[in-house]
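Student: Hi! Could we go through this one together?
Tutor: Happy to. Let me put it on the screen, and then ask away.

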Amino acid sequence: MRIRSLLPPWAASPQPPDVHLISFPKCGRTWLRLMLGHAIASHLGRPIEPNSDAVLALTPLAEWHAAVPRILVHHADNPQWKKPGELELPLPQYRGQRVVLLVRDPRDAVVSNYFEVRYRTGPYAPSLKQLPGLRAHADRIQPYAGDLKAFIRGEVGGLRTILAFYNGWAADHAFGRSWLLLRYEDLHARPLTELRRVTSFVGLPDVTDKVLSDAVAYARFENMHRMEAAGAFDSFVLKPADAGNRETFKTRRGKVGGHREYCDPEDIAYMDAHVDRELADLYGYRSRPLRLPS
């Protein structure tokens with residue numbers, strides 16, 4: 001399979017982005033960008049076809065109209081390939097900039113990331129190894145050979161890395177109004193409401209409910225999976241590594257609480273304990289809120 005560059009031409013542009021859309025991998029970012037891109041294109045009266053790749057990428061949409069922000073989609077520091085102590089956090093370069101931070105329950109995120117690293121890394125590993133921030137970790141960028149239990153507890157991209165990434169952003173909560181916290185679970189429960197929050201935040205408050213509803217329908221899981229299977233997009237962002245293996249799809253399951261289908265009671269207890277003990281309250285994923293000493 002031929003994979004195009006992981007960094008599209010517009011990502012290297014000297015023109016700074018107006019908005020950063022950031023998440024740890026496997027937190028629903030592709031889903032969100034497809035909804036948001038569809039909403040922006042429809043709002044401008046532009047056809048989705050043949051512009052589907054631009055809709056998925058988001059950044060090119062800024063060329064369509066002066067009112068459309070330049071939205072840069074990335075993971076910030078590629079944390080999935082690093083140990084917790086190697087993360088460059090907090091991230092002062094984002095202070096004062098508009099940031100949409102998309103998060104997902106760390107237990108679901110780590111299980112989903114296991115399938116990503118195990119089944120989808122191979123085709124794009126050579127390009128990843130060339131990224132300046134990952135050259136020091138090039139030996140790690142390869143398909144994961146272990147089992148899920150080991151991955152959850154592993155130092156590189158495992159549960160502790162996700163918790164450290166989230167806590168690093170929570171420590172910089174002084175971003176205040178310049179950033180928007182968005183949860184995967186809320187997108188599932190209230191997609192139109194949450195998408196409205198995003199369009200308003202990026203500077204498009206007058207998008208109609210009809211446009212938002214159409215975008216939500218377009219990016220529903222079943223339709224995304226169908227488009228991925230059909231090769232509707234040129235980007236590997238939405239391509240299966242093996243069309244005959246569902247676990248290699250980007251649109252793999254798309255469930256809330258799906259980690260329970262793959263993890264045994266020991267794994268679940270391990271993850272619950274670490275989330276409750278270590279994760280910042282900001283995200284709402286702790287079952288027992290942190291009680292500070294008086």
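Student: Let me start with one pair: which residue is the bridge partner of Val-99 in strand 4?
Tutor: That's Trp-179. Keep in mind that this is a predicted model.

Student: Sure. And how many bridges join strand 3 to strand 4?
Tutor: Strand 3, residues 98-103, is joined to strand 4 by 5 bridges, and the two run parallel. Another pair to look at is Val-103, which stands opposite Arg-183 in strand 4.

Student: What's the strand order in the sheet?
Tutor: The order is 2-1-3-4, in an open sheet of 4 strands with parallel pairing. Strand 2 (71-74) and strand 4 (179-183) are the edge strands, each pairing on one side only. On average, neighbouring strands are turned by 20° against each other, ignoring direction.

Student: Does anything pack on it? I mean, which strands does helix 1 touch?
Tutor: Helix 1 packs on the sheet and touches strand 1 (19-23), strand 2, strand 3 and strand 4. The direction of helix 1 makes about 165° with that of strand 2.

Student: Back to the edges. How many residues of strand 4 are buried?
Tutor: 4 of its 5 residues, so strand 4 is mostly covered by the under 20% cut-off for relative accessible area.

Student: And which residues of strand 2 are buried on each side?
Tutor: Ile-71 and Val-73 are on one side, Leu-72 and His-74 on the other, and all of them are buried. In a regular strand, side chains alternate between the two faces of the sheet. Both faces of strand 2 are covered here.

Student: How many bridges join strand 1 to strand 2?
Tutor: There are 4 bridges, and these two strands run parallel. One pair to find on screen is Val-19 with its bridge partner in strand 2, Ile-71.

Student: Let's zoom in on His-74. Why is it classed as buried?
Tutor: His-74 has a relative accessible area of 18%, and buried means under 20%. So His-74 falls on the buried side of the cut-off.

Student: What does His-74 touch?
Tutor: Leaving out residues up to four places away in sequence, His-74 touches His-20, Leu-21, Ile-22, Ser-23, Arg-29 and Tyr-94. The C-alpha atoms of His-74 and Ile-22 are separated by 5.3 Å, although the two residues are 52 apart along the chain.

Student: Ser-23 is in that list. Is Ser-23 buried or exposed?
Tutor: Buried, because its relative accessibility is 1%. Ser-23 sits in strand 1, and with the same sequence neighbours left out it touches Arg-29, His-74, His-75, Leu-102 and Phe-165.

Student: New topic: loops. Where does Pro-84 lie?
Tutor: Pro-84 is in the loop between strand 2 and strand 3. It counts as partly exposed because its relative accessibility is 26%.

Student: What does Pro-84 touch?
Tutor: Beyond residues up to four places away in sequence, Pro-84 touches Glu-155, Arg-160, Thr-161 and Ala-164. Pro-84 and Phe-165 are 81 residues apart in sequence, with 7.5 Å between their C-alpha atoms.

Student: Now helices. At roughly what angle do helix 1 and helix 9 cross?
Tutor: Roughly 140°, and the axes of helix 1 (residues 29-43) and helix 9 (residues 209-218) come within 8 Å. That angle makes helix 1 oblique to helix 9. The crossing is right-handed.

Student: Which residues make that contact?
Tutor: Helix 1 contributes Leu-34, Met-35, His-38, Ala-39, Ser-42 and His-43, and helix 9 contributes Val-211, Leu-212, Asp-214, Ala-215, Val-216 and Tyr-218. They divide into 8 nonpolar, 3 polar and 1 charged.

Student: And how do helix 8 and helix 9 cross, left-handed or right-handed?
Tutor: Right-handed. The axes of helix 8 (residues 191-201) and helix 9 come within 10 Å and cross at roughly 115°. Pro-191, Leu-192, Leu-195, Arg-196 and Thr-199 of helix 8 meet Asp-209, Leu-212, Ser-213, Ala-215 and Val-216 of helix 9. That contact has 6 nonpolar, 2 polar and 2 charged residues.

Student: Last one, zooming out: how many helices and strands does the protein have?
Tutor: It has 11 helices and 4 strands. Buried residues make up 51% of its 294 residues. Of the contacts between residues at least 6 apart in sequence, 72% join residues at least 24 apart.

Methods
Residues numbered from 1 in each chain as written. Predicted model: local features only at pLDDT ≥ 70, side-chain atom pairs only at ≥ 80, totals over all residues. Heavy atoms only, no water. Axes fitted to C-alpha atoms, helices over the stretch in contact; angles between N-to-C directions. Parallel < 35°, antiparallel > 145°, perpendicular 65-115°, else oblique. Left-handed = near helix turned anticlockwise from the far one by under 90°. Contact = heavy atoms within 4.5 Å. Nonpolar A, V, L, I, M, F, W, Y, C, P; charged D, E, K, R; others polar. Pairing = 2+ DSSP bridges. Buried < 20%, exposed > 50% of the residue type's maximum accessible area, 1.4 Å probe, protein only.
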